[in-house]
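Good morning, colleagues. Please take a moment with the sequence and the structure before I begin.

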Amino acid sequence: MVGIKEIDNNYQLGIQCIAMQDHRNNHGTIFGGWLMSQLDLAGSIICRTLLQQDQEIVTVSVSNLVFEKPIYAGDVIQCWVAIEKVGKSSITTKIQTNAVRKGTQIVDQKVAHGKFIYVCVKDGKPDPIMRKQ
Ligand SMILES: CC(C)(COP(=O)(O)OP(=O)(O)OC[C@H]1O[C@@H](n2cnc3c(N)ncnc32)[C@H](O)[C@@H]1OP(=O)(O)O)[C@@H](O)C(=O)NCCC(=O)NCCS
């Protein structure tokens, strides 16, 4: 897969998709809010792989989110997720996004990155993590 050789082994691919024209901001580059939601989704997808099927998770915290380089319509974005810590009910992740530039094999590393924390919940309250057997 394009770009995987540049990623350390702790990272798993959570989402890969094409940034579309509809995702652009007023300046013509990709809107940060859309990109942030892709990172958030990617993290939750990887966290879910740790959990038993009936456990629900929500995002409780996003920090150190940095948009380092612009993304353009037609770029493929790849959101890579590393589990940093598993707590009693929370999972802390580091998420890195790379962009494969439209029509090329050029991978721009770390166009965005941040720390996302998820919490298992049941009836709206923290629920101890039950890991998949
Ligand atoms: C997630 C939620 C249930 C946590 O409730 P809470 O009363 O803060 O829970 P607690 O204080 O018992 O903390 C539970 C865990 O979350 C972690 N946590 C809570 N607030 C946190 C914060 N601001 N930053 C980092 N971790 C946090 C705690 O460290 C704890 O981790 P641990 O169990 O692994 O030790 C509550 O904050 C909530 O419902 N938030 C809204 C979530 C949401 O709607 N997200 C957007 C949509 S996905």
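**Overall architecture and a salt-bridge network**

From the N terminus on, the order of elements is β-α-β-β-β-β-β, in what I should say at once is a predicted model. That amounts to 1 helix and 6 strands. The radius of gyration is 15 Å, close to the 14 Å that the globule rule gives for 133 residues, so the protein is as compact as a globular protein of that length. Along the principal axes, the C-alpha trace spans about 45 × 35 × 25 Å.

Of the 133 residues, 40% are buried. The exposed area of the protein is about 7700 Å², and carbon and sulfur atoms supply 50% of it. As for contacts, among those between residues at least 6 apart in sequence, 69% join residues at least 24 apart.

Let me turn to the charged side chains. How many salt bridges does the structure hold? There are 3.

I begin with Asp-108, which forms a salt bridge with Lys-69, the closest N and O atoms being 3.6 Å apart. Asp-108 lies in strand E5, residues 107-122, and Lys-69 in the loop between E2 and strand E3, so this pair ties together parts that are 39 residues apart in sequence. Both ends are partly exposed: Asp-108 has a relative accessible area of 22%, and Lys-69 stands at 34%.

The next pair is Arg-101 and Asp-75, whose closest N and O atoms are 2.6 Å apart. Here, too, distant parts of the chain are linked: Arg-101 sits in the loop between strand E4, residues 90-100, and E5, whereas Asp-75 is in the loop between E2 and E3, 26 residues apart. Are these two residues buried or exposed? Arg-101 and Asp-75 are both buried. For Arg-101 the relative accessible area is 13%, and the residue counts as buried because the cut-off is under 20%.

The remaining salt bridge joins the side chains of Asp-108 and Arg-101, at 2.8 Å from N to O. Through shared partners, these salt bridges connect Lys-69, Asp-75, Arg-101 and Asp-108 into one network.

Finally, I come to the nonpolar surface. Which residues make the nonpolar surface patch of about 230 Å²? They are Met-36, Val-62 and Phe-67. Val-62 belongs to strand E2, residues 56-67. With a relative accessible area of 33%, Val-62 is partly exposed, and therefore passes the patch criterion of over 30%.

Technical notes:
Residues numbered from 1 in each chain as written. Predicted model: local features only at pLDDT ≥ 70, side-chain atom pairs only at ≥ 80, totals over all residues. Heavy atoms only, no water. Patch = residues over 30% accessible without salt bridge, like charges linked within 9 Å, V, L, I, M, F, W, Y side chains within 5 Å. Areas by Shrake-Rupley, 256 points an atom, 1.4 Å probe, with all protein chains shown as cover. Salt bridge = Lys/Arg side-chain N within 4 Å of Asp/Glu carboxyl O. Helix = DSSP H or I, 4+ residues; strand = E, 2+ residues; numbered from the N terminus. Buried < 20%, exposed > 50% of the residue type's maximum accessible area, 1.4 Å probe, protein only. Rg over C-alpha atoms; globule rule 2.2 N^0.38 Å. Contact = heavy atoms within 4.5 Å.
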